[in-house]
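Got a minute to poke around a model? Take a look at the sequence and coordinates, then we'll go through some questions.

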Amino acid sequence: MSHTDPSPRPVLDVWCELQCPDCRTALGDLRALRDRFQDALDIRLRHFPLERHRHAHAAAQAAEEAIAQGRGWPYVEAVLERTEELGTRGEPLLVEVARELGLDAEEMDTALVDGRHILIVDADQAEGKAIGVTGTPTYVIGGERLDGGKSQEGLRERVEEIAARLISERP
């Protein structure tokens, strides 16, 4: 997108953690939102690895590497489908999923070793804490924070409502 665009797309930030069963549950909602709004809504993955999940930080870095290789969401979805396995296998699973999706698995492995994406992940986490994110998934859209960690009941409808309003208000 060019910087001259007078009306950037509304942004939905999804604070997510790839070892989190609640985030896996939210996949259906994310797919539905993407299907409904297509390019009108900018859905951004934000990282909020939780301390109690020891592979979550590595998984967040792996997601950033997948984004760098052009397959961010497919990678995130594939890892989330296997949260339990990530819990037991850790980084080897992250590299394996990259290989299965046709990404450069060696580059993925190197990225996890050299930590090139750590700053992005840590900055996301710090920003999340600053705006009151305490668990995942948490959605932020139009200045409103919606916490999906407790219950996802009615959340998608609320996000859709806000997104539709923001899109309709664009000049």
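What follows is a set of questions and answers on this predicted model.

Q: Which helix holds Glu 106, and is Glu 106 buried or exposed?
A: Glu 106 sits in the helix that spans residues 105-114, namely α7. The cut-off for exposed is over 50% relative accessible area. Glu 106 comes in at 66%, so Glu 106 in α7 is exposed.

Q: Which residues form a negative surface patch with Glu 106?
A: Lysines and arginines are out here, since Asp and Glu are what count as negative. The negative patch that includes Glu 106 is completed by Glu 91, Asp 104 and Asp 109.

Q: How wide an arc do the buried residues of α7 cover around the axis?
A: The buried residues in α7 are Ala 105, Met 108, Ala 111 and Leu 112. They lie on the same side of α7, because the arc they cover is only 115°. On the other side of α7, Glu 106 and Val 113 are exposed. The arc asked for is 115°.

Q: Is Trp 73 buried or exposed?
A: Trp 73 belongs to α4, the helix of residues 72-80. Buried means under 20% relative accessible area. Trp 73 has 18%, so Trp 73 is buried.

Q: What separates the C-alpha atoms of Trp 73 and Ile 43?
A: Along the chain, Trp 73 and Ile 43 are 30 residues apart. In space, the distance between their C-alpha atoms is 10.0 Å.

Q: How far apart along the chain are Arg 9 and Asp 42?
A: Arg 9 and Asp 42 form a salt bridge, with 3.7 Å between the closest N and O atoms. This pair links distant parts of the chain, with Arg 9 in the segment before β1 and Asp 42 in strand β2. Arg 9 is partly exposed at 28%, and Asp 42 is partly exposed at 22%. Their separation along the chain is 33 residues.

Q: In the salt bridge between Arg 36 and Glu 160, which residue counts as buried?
A: The closest N and O atoms of Arg 36 and Glu 160 are 3.1 Å apart. The pair links distant parts of the chain, since Arg 36 is in α2 and Glu 160 is in α9, 124 residues apart. Arg 36 has 45% relative accessibility and is partly exposed. With 14% relative accessibility, the buried one is Glu 160.

Q: What is the N to O distance in the salt bridge of Glu 161 and Arg 158?
A: Both residues lie in α9, three residues apart, about one turn of the helix. An α-helix has 3.6 residues a turn, so residues three or four places apart point the same way. Arg 158 is partly exposed, with 27% relative accessible area. The N to O distance for Glu 161 and Arg 158 is 2.5 Å.

Q: Which residues are joined into one network by salt bridges that share partners?
A: Side chains of opposite charge can pair when their charged atoms come close. The network joins Asp 13, Arg 44, Arg 46, Asp 124 and Glu 127.

Q: What is omega near for the peptide bond from Thr 136 to Pro 137?
A: Pro 137 lies in the loop between α8 and β3. The bond from Thr 136 to Pro 137 is cis, with omega near -5°.

Q: What is phi of Gln 38 near?
A: Gln 38 is in the loop between α2 and β2, and Gln 38 is exposed at 54%. Phi is positive here, in a residue other than glycine, and its value is near 50°.

Notes
Residues numbered from 1 in each chain as written. Predicted model: local features only at pLDDT ≥ 70, side-chain atom pairs only at ≥ 80, totals over all residues. Heavy atoms only, no water. Patch = residues over 30% accessible without salt bridge, like charges linked within 9 Å, V, L, I, M, F, W, Y side chains within 5 Å. Areas by Shrake-Rupley, 256 points an atom, 1.4 Å probe, with all protein chains shown as cover. Salt bridge = Lys/Arg side-chain N within 4 Å of Asp/Glu carboxyl O. Charge placed at Lys NZ, Arg CZ, Asp CG, Glu CD. Helix = DSSP H or I, 4+ residues; strand = E, 2+ residues; numbered from the N terminus. Buried < 20%, exposed > 50% of the residue type's maximum accessible area, 1.4 Å probe, protein only. Arc of directions from axis to C-beta.
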